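These are my notebook entries from a session of looking things up in one protein structure. I went from a single residue outwards and then back to the whole.

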Amino acid sequence: MSIAAFRITRFQFARDRVIGDSQVRADDANVAALELVSDSGEVGLGFIQTLFSPLPDQAEIERVFATEVWPGLEGQRAIALVHRVNRPRGGNQRATSLPFHEALQVALWDLAAKEVGLPLHTLLGSRRNRVKAYASGLDFHLSDDDYQALFAHAAAIGYRAFKIKVGHIDFERDLHRLALLKQVVPAGSEVMIDANEGWSSKEALMKLEAIRSAGHDLLWVEDPILRHDYDGLRTLRQAAPWTQINSGEYLDLQGKRLLLEAHGTDILNVHGQVSDVMRIGWLAADMGIPVSLGNTFLEIGVHMAVALPEVEWLEYSFQNFDHLVDEPIEIRDGYAYAPDRPGHGLVLSEAARRDWARPRLLPRDQLGEAPANPRLSLTK
């Protein structure tokens, strides 16, 4: 089952709400589907995504992929490529001109699992098929009413863990949002906060103390300070034993290793690069450090979450992406379920290809109405 062809389909559409944190915001989605096609007709699917700037026209994406990536794929078997260890030296350590890295890993693993007729999580060694999901609002730019409506909806459909964005220039606003959350979720719920590196080390400790004094118990604080401040993260861990530090989101594979070796986090945050996640997950397991799966496109991270031994949580943020595939990942009663279909179980929707493909870059004001998001209902 050799890789014989590729297809790229460019999408661009409005989000159904503004997402963001203390540093960034976005109200549109810029995505391209990457399909690797084998000589037997099997398809491996991954998604290329940019958060803050549009992807170029589809023809340019195809040109860059054909030039920079395709020569290393054509005629190869996916099952061999996903296990290949490269020797990164000199000019070999460089990113592609467009963000293909995660899409390529996901598509290759999807195809590799189909080669052996297994669900991806089974190929990765899973002993279970579900993981707890927490409701994450990406809520920094929402009004108080929309913020409460989002988390009230999440609580009503079975979530019992909730993560909010903090790091506002006015700290009273952070405390206010924590109080608003408490009003709409069940007593005893798990609460996490994410500062997106909004604080310095000493500032983070002072604010965590204030949050605790205000009566808010935290399961973890995510990315409270700069990603490479390993000493500061380690000190914060020791100074705030009543909560956990969750970090690693912004680090590459080498950075995550250095973070673990510096004992700079209680929980390692990983995302959707399957090979990278499994490699660092093995090291985290060896060191006894829990792993959490942050946002992964269309929740593909459920496969890694149920395969690794140190994962308790997967993030779900109610983004309006489900229309892109025929059968999204099932999330029910606060759990995400890994599909039992071969590969990762996601197939690009032909209706989406027909109705939502945008081969050429459109101005934001020409995107029209956002695709429906049946998993989220906000009160306006």
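Leaving aside its neighbours within four places in sequence, which residues is Lys-163 in contact with? I kept in mind throughout that the model is a predicted one.

**Entry 1: Lys-163.** I found Lys-163 in strand E5, which covers residues 161-165. Setting aside the neighbours within four places in sequence, I listed its contacts as Tyr-134, Ala-135, Ser-136, Gly-137, Asp-139, Phe-151, Met-192, Ile-193, Asp-194, Trp-220, Glu-222 and Glu-315. I then looked up its accessibility, and Lys-163 counts as buried because its relative accessibility is 2%, where the cut-off for buried is under 20%.

**Entry 2: the aromatic pairs.** Two of the residues that Lys-163 touches, Tyr-134 and Trp-220, sent me to the aromatic rings. My search of the whole structure gave 13 aromatic pairs. Tyr-134 and Trp-220 make one such pair, in an edge-to-face arrangement with 5.4 Å from centre to centre and 85 degrees between the planes. This pair joins distant parts of the chain, since Tyr-134 sits in strand E4 (residues 130-136) and Trp-220 in strand E7 (residues 220-222), 86 residues apart. Tyr-134 is buried at 1% relative accessibility, and Trp-220 is buried as well, with a relative accessible area of 0%. I also noted one aromatic cluster, formed by Phe-13, Phe-47, Phe-297, Phe-321 and Trp-356.

**Entry 3: Phe-65.** Is Phe-65 buried or exposed? I read a relative accessibility of 0% for Phe-65, so this residue counts as buried. Phe-65 belongs to helix H1, residues 58-68. Not counting residues up to four places away in sequence, Phe-65 touches Phe-6, Ile-8, Leu-34, Leu-36, Trp-70, Leu-73 and Phe-100. For one of these partners, Ile-8, I also looked up the backbone: the C-alpha atoms of Phe-65 and Ile-8 are separated by 9.2 Å, while the two residues are 57 apart along the chain.

**Entry 4: positive phi values.** I next turned to backbone angles and wrote down two residues. Glu-299, although not a glycine, has a positive phi of about 60 degrees. I placed Glu-299 in the loop between strand E10 (291-293) and helix H11 (302-307), and with 8% relative accessibility Glu-299 counts as buried. Asp-333, also a residue other than glycine, has a positive phi near 55 degrees. Asp-333 is in the loop between strand E12 (330-332) and strand E13 (335-337), and Asp-333 is exposed, with a relative accessible area of 52%, just as the cut-off of over 50% requires.

**Entry 5: the whole protein.** I ended with the overall figures, starting from twelve helices and 13 strands. The radius of gyration is 21 Å, close to the 21 Å that the globule rule gives for 380 residues, so the protein is as compact as a globular protein of that length. The C-alpha trace spans about 60 × 45 × 40 Å along its principal axes. Of the 380 residues, 56% count as buried. Among contacts with a separation of 6 or more, 73% are between residues 24 or more positions apart. I noted an accessible surface of about 16300 Å², with 50% of this area belonging to carbon and sulfur atoms. As for charge, I recorded 40 positive and 52 negative side chains, the centres of the two sets lying 2 Å apart.

Key
Residues numbered from 1 in each chain as written. Predicted model: local features only at pLDDT ≥ 70, side-chain atom pairs only at ≥ 80, totals over all residues. Heavy atoms only, no water. Helix = DSSP H or I, 4+ residues; strand = E, 2+ residues; numbered from the N terminus. Rg over C-alpha atoms; globule rule 2.2 N^0.38 Å. Buried < 20%, exposed > 50% of the residue type's maximum accessible area, 1.4 Å probe, protein only. Contact = heavy atoms within 4.5 Å. Areas by Shrake-Rupley, 256 points an atom, 1.4 Å probe, with all protein chains shown as cover. Lys, Arg positive; Asp, Glu negative; His and termini not counted. Charge placed at Lys NZ, Arg CZ, Asp CG, Glu CD. Phe/Tyr/Trp six-rings, centres within 6.5 Å; stacked < 30°, edge-to-face > 60°.
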